[in-house]
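Hello,

Here is the structure I said I would hand over. My notes on it follow below.

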Amino acid sequence: MDTGARLSVRYFAWMREHTGTDLETITIPEGVTNVGDLVPHLTAMSDGHALALKNMKAVRVAVNRAYGDLDTPVSAGDEVAFFPPVTGG
């Protein structure tokens, strides 16, 4: 495995509280080519990660600061961000 194949993962709002961090750098697991492939790896990291990413229909995703979805490709050097939907008043 290429240990240089890393990406950054950011968590916002209550997701940060569940994961215990706002930023982590991880090695891209073998076979991960998009956000949907990445999620199971992240949820296996801790109970907090599993809780934060439990309902991906309610979670918004951005890759390199552009909105995406579970089919958005990821590769080395990317920044993947997860955040809950913002509600207005």
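**Aromatic pairs**

A search of the whole structure finds three aromatic pairs; rings of Phe, Tyr and Trp (its six-membered ring) pair if their centres lie within 6.5 Å, and planes under 30 degrees apart count as stacked, over 60 as edge-to-face and the rest as tilted. Before the details: this is a predicted model, in which local features need pLDDT of at least 70 and side-chain atom pairs count only at pLDDT 80 or more, while totals for chains, interfaces and linings use all residues. Residues are numbered from 1 along each chain as its sequence is written, and side-chain values use heavy atoms, with hydrogens and water left out.

One of the pairs is Y11 with F82, which is stacked, at 6.1 Å centre to centre and 20° between the planes. Y11 sits in strand β1 and F82 in strand β5, 71 residues apart, so this pair links distant parts of the chain. Both rings are buried (under 20% relative accessible area, with exposed meaning over 50% and partly exposed in between; 1.4 Å probe, protein chains only): Y11 has a relative accessible area of 0%, and F82 is likewise at 0%. Helices (H or I, at least four residues) and strands (E, at least two) are DSSP runs, numbered from the N terminus.

Another pair, F12 with F83, is edge-to-face, with 6.2 Å between the centres and 85° between the planes. F12 is in the loop between β1 and α1 (14-19), and F83 is in strand β5, 71 residues away. F12 is partly exposed at 37% relative accessibility, whereas F83 is buried at 15%. Together with Y67, F12 and F83 form one aromatic cluster.

**Salt bridges**

The count comes to three salt bridges, taking a salt bridge as a side-chain nitrogen of Lys or Arg within 4 Å of a carboxyl oxygen of Asp or Glu. E79 pairs with R10, and their closest N and O atoms are 2.8 Å apart. Because E79 lies in strand β5 and R10 in strand β1, the pair ties together parts that are 69 residues apart in sequence. E79 is buried, at 18% relative accessible area, and R10 is partly exposed, at 24%.

E79 also forms a salt bridge with R65, with 3.8 Å between the closest N and O atoms. R65 lies in the loop between β3 and β4 (66-68), 14 residues from E79 in sequence. R65 is exposed, with 73% relative accessibility. R10, R65 and E79 are thus linked in a network of salt bridges.

R16 forms a salt bridge with E17, with the closest N and O atoms 3.9 Å apart. Here R16 is partly exposed at 33% relative accessible area, and E17 is exposed at 59%.

**The sheet and α2**

In what order do the five strands of the open sheet stand? The order is β2-β1-β5-β3-β4, and the pairing is mixed; two strands pair if DSSP finds at least two bridges between them. β2 (23-27) and β4 are at the edges with a single partner strand each, so one side of each has no neighbour in the sheet. On average, neighbouring strands are turned by 30° against each other, direction ignored. Axes are lines fitted to C-alpha atoms, for helices over the stretch in contact, and angles run from 0 to 180 degrees between N-to-C directions.

β3 and β4 run antiparallel and are joined by three bridges. In this part of the sheet, A62 stands opposite Y67 in β4. Helix α2 packs on the sheet and touches β1, β2, β3 and β5, and its direction makes about 70° with that of β5. Contact means heavy atoms within 4.5 Å.

**Nonpolar core**

In soluble globular proteins, nonpolar side chains tend to be buried together. A nonpolar core is taken here as a set of buried Ala, Val, Leu, Ile, Met, Phe, Trp, Tyr and Cys residues joined through side-chain atoms within 4.5 Å. The largest one has 21 residues, of which L7, V35, L42, V80 and F82 touch the most other members. At least two residues of this core come from each of β1 (6-11), α2 (35-43), β3 (60-63) and β5 (79-83). Which element supplies the largest share of this core? It is α2, with four residues.

V35 is worth a look on screen. Apart from its neighbours within four places in sequence, V35 is in contact with V61, V63, D69, L70, T72, V74, V80 and F82.

Regards
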